[in-house]
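The following paragraphs go through a single protein chain, moving from side-chain contacts to strand pairing and then to charged pairs. Please keep the sequence and the coordinates at hand while reading.

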Amino acid sequence: VQLQASGGGLVQPGGSLRLSCAASGSIFSINAMAWYRQGPGKQRELIAQIIRGSSKPSYADSVKGRFTISRDNDKNTVYLQMNSPKPVDTAVYYCNADLKARPSSTWSEYWGQGTLVTVSS
């Protein structure tokens, strides 16, 4: 199983950017999908999570109202729409998925490789 994140880059404050993360390989079911980030000199933090079958994603206070997480279950893909980003949002963004590779597998956590987002004018 692999998670491939994409969409990072340079964005101006107040602009927008969309990150994508596609899971591939042997996948039976994906429960939760999430985005984390790690800024310079900071610990990795959970910023958004969406659980299969739930209509209400959860967000960290720091991004609530500006970022939106969504998923396409048919494509095993999770997205993060970043609107009105600020310089403090500069970080490496990681996707995360809790999934079963096969029906008999246990739920396991997988990480994408990270994609750098720089918010600067």
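**Contacts, strands and charged pairs**

Leaving out residues up to four places away in sequence, Tyr93 touches Leu19, Trp35, Tyr36, Arg37, Ile47, Phe67, Leu80, Met82, Gly114, Thr115 and Val117. The model is a predicted one. Tyr93 is also one of four residues, with Trp35, Ile47 and Leu80, that touch the most other members of the largest nonpolar core, a set of 27 residues. Two or more residues of this core come from each of S1, S3, S4, strand S5 (45-51), S7, strand S8 (77-83), S9 and S11. S9 gives the largest share, five residues.

Strand S9 spans residues 91-100, and eight of its 10 residues are buried. Its pairing can be followed one partner at a time. With strand S4 (residues 29-38), S9 pairs in the antiparallel sense over eight bridges; within this pairing, Ala34 has Asn96 as its bridge partner in S9. Four bridges join S9 to strand S10 (residues 108-111), again antiparallel, and here Leu99 stands opposite Ser108. Three bridges join S9 to S11, and these two strands also run antiparallel. In that pairing Ala91 stands opposite Val117, while the partner of Val92 in S11 is Leu116.

Two polar residues of S9 are worth a closer look. Which of the two categories, buried or partly exposed, fits Asn96? Asn96, placed in strand S9, has a relative accessible area of 5% and is therefore buried, since the cut-off is under 20%. Its side chain makes a polar contact of 3.0 Å with the side chain of Glu109. Apart from residues up to four places away in sequence, Asn96 touches Leu3, Ala32, Met33, Ala34, Tyr36, Glu109, Tyr110 and Trp111.

Asp98 is in S9 as well. Its relative accessible area is 23%, so Asp98 counts as partly exposed. Beyond its neighbours within four places in sequence, Asp98 is in contact with Ser29, Ile30, Asn31, Ala32, Trp107, Ser108 and Glu109. For Asp98 and Glu109, 11 residues apart along the chain, the C-alpha atoms are separated by 4.5 Å.

Next comes strand S11. In a regular strand the side chains alternate between the two faces of the sheet. Along S11 (residues 115-119), Thr115, Val117 and Val119 point to one face and are buried, whereas Leu116 and Thr118 point to the other and are not buried. S11 is also joined by three bridges to strand S2 (residues 9-11), and these strands run parallel. Gly9 stands opposite Val117 in that pairing.

A further sheet is open and has four strands in the order S1-S3-S8-S7, with antiparallel pairing. Its edge strands are S1 (2-6) and S7 (67-72), each of which pairs on one side only. On average, neighbouring strands of this sheet are turned by 15° against each other, direction ignored. S1 is joined to strand S3 (residues 16-24) by five bridges, and the two run antiparallel. One position in this pairing is Ser6, whose bridge partner in S3 is Ser20.

The charged pairs complete the picture. How many salt bridges does the structure hold? There are four. In one of them the side chains of Arg37 and Glu45 meet at 2.9 Å, N to O. Arg37 counts as buried because its relative accessibility is 5%, whereas Glu45, at 32%, counts as partly exposed.

Another salt bridge is formed by Arg66 and Asp89, with the closest N and O atoms 2.7 Å apart. This pair links distant parts of the chain: Arg66 lies in the loop between strand S6 (58-59) and S7, and Asp89 in the loop between S8 and S9, 23 residues apart. Both Arg66 and Asp89 are buried. Arg37, Glu45, Arg66 and Asp89 are joined into one network by salt bridges that share partners.

Asp61 and Lys64 also form a salt bridge, their closest N and O atoms being 3.2 Å apart. With a relative accessibility of 67%, Asp61 counts as exposed.

Definitions and conventions: Residues are numbered from 1 along each chain as its sequence is written. This is a predicted model: local features need pLDDT of at least 70, side-chain atom pairs count only at pLDDT 80 or more; totals for chains, interfaces and linings use all residues. Side-chain values use heavy atoms; hydrogens and water are left out. Two strands pair if DSSP finds at least two bridges between them. Axes are lines fitted to C-alpha atoms, for helices over the stretch in contact, and angles run from 0 to 180 degrees between N-to-C directions. Buried means under 20% relative accessible area, exposed over 50%, partly exposed in between (1.4 Å probe, protein chains only). Contact means heavy atoms within 4.5 Å. A polar contact is a pair of N or O atoms within 3.5 Å; within protein, one must be able to donate a hydrogen and the other to accept it, and residues adjacent in sequence count only if both atoms are side-chain atoms. A nonpolar core is a set of buried Ala, Val, Leu, Ile, Met, Phe, Trp, Tyr and Cys residues joined through side-chain atoms within 4.5 Å.
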